[in-house]
Amino acid sequence: MKLRFFKKGFNYSADGPGNRLVYHLSGCNLSCPWCANPEGLFPLKAGYKELSCEDVLAEAKQAKPLLFDGGGVTFTGGEPTLQFDALKTALQGLRGAGISTAIETNGTCERLSELLPYLSLLIIDVKHHDDEKHRKWTGSGNDVILANLKKADEAGIPVWVRTPLIDGVNADRQDAHAFAKLFQDLALKNASFEFLPYHEYGKPKWEKLGKPYPMQGGALPAGRYDYFKTVFEESGLTVIKT
Ligand code: SF4
């Protein structure tokens with residue numbers, strides 16, 4: 001079984017704890033206009049590489065001395081669950097070898113809970129608190145995502161919930177309260193929350209792919225990040241910055 005990826009390399013702390021070997025798997029089922037990895041959305045045009053699950057395991061075993069500070073292997077994207085069977089096999093192999101595992105997912109996979117026994121950490125995006133607005137901006141509602149988040153939390157797995165904060169999309173002051181209420185109502189026990197302020201790092205990649213950059217505006221007003229952080233912390237939610 002092969003995993004298609006468009007990028008791999010080591011990264012410290014941003015994709016899970018410690019130093020990690022990170023595979024960016026190709027393809028995504030959502031269409032966020034702010035996507036910073038468009039080369040993962042159009043894999044055939046951008047070109048991609050393949051590795052078997054055995055190759056990934058061998059690379060990770062070889063890299064073990066470099067996976068320091070509680071590091072491990074993370075699969076991100078694009079959307080890693082689009083290659084579900086190969087991803088599951090790779091995670092099983094890594095856990096079997098005693099290597100810490102994480103995936104970073106948009107959370108829309110109906111079968112996500114099948115992966116939970118093989119995950120040391122789940123990083124999951126919740127891009128909007130409102131189902132209809134989530135659909136408007138990404139092409140998918142948030143109901144499956146929230147169900148997956150709850151299941152992972154109930155399974156006792158540490159979860160990092162990530163929200164890109166984008167002006168005009170999800171970053172008004174009332175959005176801060178709506179997000180906090182949503183997460184409070186879910187009564188999560190093992191979740192931490194991270195806000196990712198909008199940036200335009202992906203813009204040159206879209207241009208290189210010959211595609212117009214779909215996002216207009218989006219920059220976060222001054223003080224808005226701190227506002228979200230304060231609202232969450234006053235709601236008893238743990239905010240992290242990786
Ligand atoms: S879910 Fe992530 S990879 Fe997929 S389009 Fe949205 S930002 Fe890009």
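I looked first at how strand 1 meets strand 2 (residues 19–25) in this predicted model, and I noted that the two run antiparallel and are joined by 7 bridges. Within this pairing I picked out F10, whose bridge partner in strand 2 is L21. I then followed the chain through the turn and recorded that strand 1 and strand 2 form a hairpin with 6 residues between them, where S13 has a positive phi of about 70°.

Next I turned to strand 3 (residues 49–52), which pairs with strand 1 (residues 2–12) in the antiparallel sense over 4 bridges. Here I looked up F5 and found that its bridge partner in strand 3 is K49.

I went on to the peptide bonds and noted a cis one between G77 and G78, with omega at about 5°. I placed G78 in the loop that lies between strand 4 (72–76) and helix 3 (84–96).

My last entries concern positive phi angles outside glycine. I found that D69 is not a glycine and yet has a positive phi of about 60°, and I located D69 in the loop between helix 2 (53–63) and strand 4. Is D69 buried or exposed? I put it down as exposed, because it has 10 C-beta neighbours inside 10 Å, and a residue with 12 or fewer is called exposed.

I made a similar entry for A187, also not a glycine, whose positive phi is about 50° and which lies in the loop between helix 6 (173–186) and strand 8 (191–197). I counted A187 as exposed too, because it has 9 C-beta neighbours inside 10 Å.

Technical notes: Residues are numbered from 1 along each chain as its sequence is written. This is a predicted model: local features need pLDDT of at least 70, side-chain atom pairs count only at pLDDT 80 or more; totals for chains, interfaces and linings use all residues. Two strands pair if DSSP finds at least two bridges between them. A residue is buried if 20 or more other C-beta atoms lie within 10 Å of its own, exposed if 12 or fewer, and partly exposed in between; C-beta atoms are placed from the backbone.
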